[in-house]
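Let's take a walk through some charged pairs and then look at how two parts of a chain meet. Have the sequence and the 3D view open as you read.

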Amino acid sequence: MDNKLMLMIPGPTPVPEKVLLAQAKHPIGHRSGEFSEIMAEVTANLKWLHQTQNDLLVLSASGTGAMEAGIINFLSPGDRVLVGSNGKFGDRWAQISQAFGLDTHIITAEWGKPLDANAFKQALEADTEKAIKAVIITHSETSTGVLNPLEDINAHVKAHGEALIVVDAVTSLGAYDLPIDELGLDVVGSGSQKGYMIPPGLGFVSVSAKAWQAYEQATLPKFYLDLGKYRKAAAKNSNPFTPPISLVFALQTALQMMKAEGLERIFARHARQKQATRAAMRAMGQPLFASDEAASPAVTAVMPQQVEAEQVRSVMKKRFDIALAGGQDHLKGQIFRIGHLGFISDRDILTVIGALEATFLDLGCDGFTPGAGIAAASEILTAG
Ligand SMILES: *Cc1c(COP(=O)(O)O)cnc(C)c1O
């Protein structure tokens, strides 16, 4: 059957019809008063979503562009940074830092385990000369389904006093309570195709006053991603360069939908769907890759038993037209990942669990009672 693809991957995520229709409108000039009004609305609503009064800048870039902007605007060649890495995206932070010639110290954890906040504490306390300029971490590590202990690590950064905290919140923003101002997060980057319910193409960066001070000293080269240009333009509800107008229309509508739902309900929905997905996998005897205490609100990674992860993905796609994500790097073939981020309803969760049950049975996996996954998921969804 055509046109029944169901995206259950952690980005790109499904896009509501209302948002698609907004995006289909004819473009308007980005220097027009009409567009400025939209930028003003969108920026105010982004600040609401980020729970911040900091500058909130919109870039024409995927999430990685937002990450790169988060480095090159606030640091200088040779600056010492502490990077947390326990997955593909933590690795990416390290690669970006190294590409720009930073003195990159990497704190690793095994893939599937959260970063150890104490390791950051030790490194920061040992830095009596205050040479560490930034602590750079991924909040929700999409490659493994792990949520890192941002609050704890951030407390140690605050105790250090000097270093900025730079966060990849690509799959936690819009899914998990991330009060930027309350926590005092300096630089937070995210991307449109994740929690925002719009297609890929926009990156978002929030920048604190402390980070702007660092910007004044930073000497890494930059041009297109020079956030000072975006800040200046944003003060006039404008953009330094031509933005993807159609995506901004989409964003406007998506943010209106999010405001109507409300932050608490958005976070509760993600928490409920995460729990339902995890309970279903457990009831089906399928090991979860991340522990309950460190489970991402956006994606659940499963290390299947009796069957191959890639076979599960293949049957899910062929029989049901449901796209699941696979493992990355050394986890390829070891895990599959169920995205439950953005425009996902409880019905979608029941659908994917039902299809997974049928797929496991199809593949000869008989280690569970048929219906056990659905029963476990629906119990949680009903209670929530
Ligand atoms: C998707 C994602 C990114 C950004 O990837 P892009 O392909 O550049 O949008 C960065 N970090 C995390 C944790 C992600 O999930």
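Asp103 has a relative accessibility of 30%, so it counts as partly exposed. Keep in mind that we're looking at a predicted model. Arg80 gets the label partly exposed too, at 31% relative accessibility. These two residues form a salt bridge, with their closest N and O atoms 3.5 Å apart. The partners come from distant parts of the chain: Arg80 sits in strand E3 (residues 80–85) and Asp103 in strand E4 (residues 103–108), 23 residues apart.

Why do such pairs turn up? Side chains of opposite charge can pair when their charged atoms come close. In this structure there are 12 salt bridges. Here are some of them:

| Pair | N to O distance |
|---|---|
| Arg80 and Asp103 | 3.5 Å |
| Asp346 and Arg272 | 3.2 Å |
| Asp292 and Arg278 | 2.8 Å |
| Lys88 and Asp329 | 3.1 Å |

Now for the pair Asp346 and Arg272, whose side chains meet in a salt bridge. Asp346 belongs to helix H13 (residues 346–362) and Arg272 to helix H11 (residues 263–283), so this pair ties together parts 74 residues apart in sequence. Arg272 counts as buried because its relative accessibility is 17%, under the 20% cut-off. Asp346, at 22%, is partly exposed.

Helix H11 also holds Arg278, while Asp292 lies in the loop between H11 and strand E11 (299–302), so their salt bridge ties together parts 14 residues apart in sequence. Is Arg278 buried or exposed? With just 4% relative accessibility, Arg278 is buried, whereas Asp292 is partly exposed at 42%. There's a third member here: Arg282 joins Arg278 and Asp292 in a network of salt bridges.

Time to zoom out. The domain assignment splits the protein chain into domain 1 (17–260) and domain 2 (262–383). Their centres, taken over C-alpha atoms, are 28 Å apart. Where they touch, domain 1 brings 27 residues and domain 2 brings 24 residues.

How much area do the two domains bury between them? About 2,100 Å², with 66% of it on carbon and sulfur atoms. On the domain 1 side, Trp111, Gly145 and Ala175 lose the most area to domain 2, and together they make up 24% of what that side buries.

Between the domains, the count is 1 salt bridge and 7 residue pairs in polar contact. Several elements of domain 1 each supply at least two residues to the side touching domain 2, including helix H2 (33–50) and helix H4 (88–99). The largest share, 4 residues, comes from H10. Sorted by class, that side has 13 nonpolar, 10 polar and 4 charged residues.

Key: Residues numbered from 1 in each chain as written. Predicted model: local features only at pLDDT ≥ 70, side-chain atom pairs only at ≥ 80, totals over all residues. Heavy atoms only, no water. Salt bridge = Lys/Arg side-chain N within 4 Å of Asp/Glu carboxyl O. Buried < 20%, exposed > 50% of the residue type's maximum accessible area, 1.4 Å probe, protein only. Domains from an automatic or database assignment. Contact = heavy atoms within 4.5 Å. Buried area = accessible area lost by both parts, 1.4 Å probe. Polar contact = N/O pair within 3.5 Å; in protein donor to acceptor, adjacent residues only side chain to side chain. Nonpolar A, V, L, I, M, F, W, Y, C, P; charged D, E, K, R; others polar.
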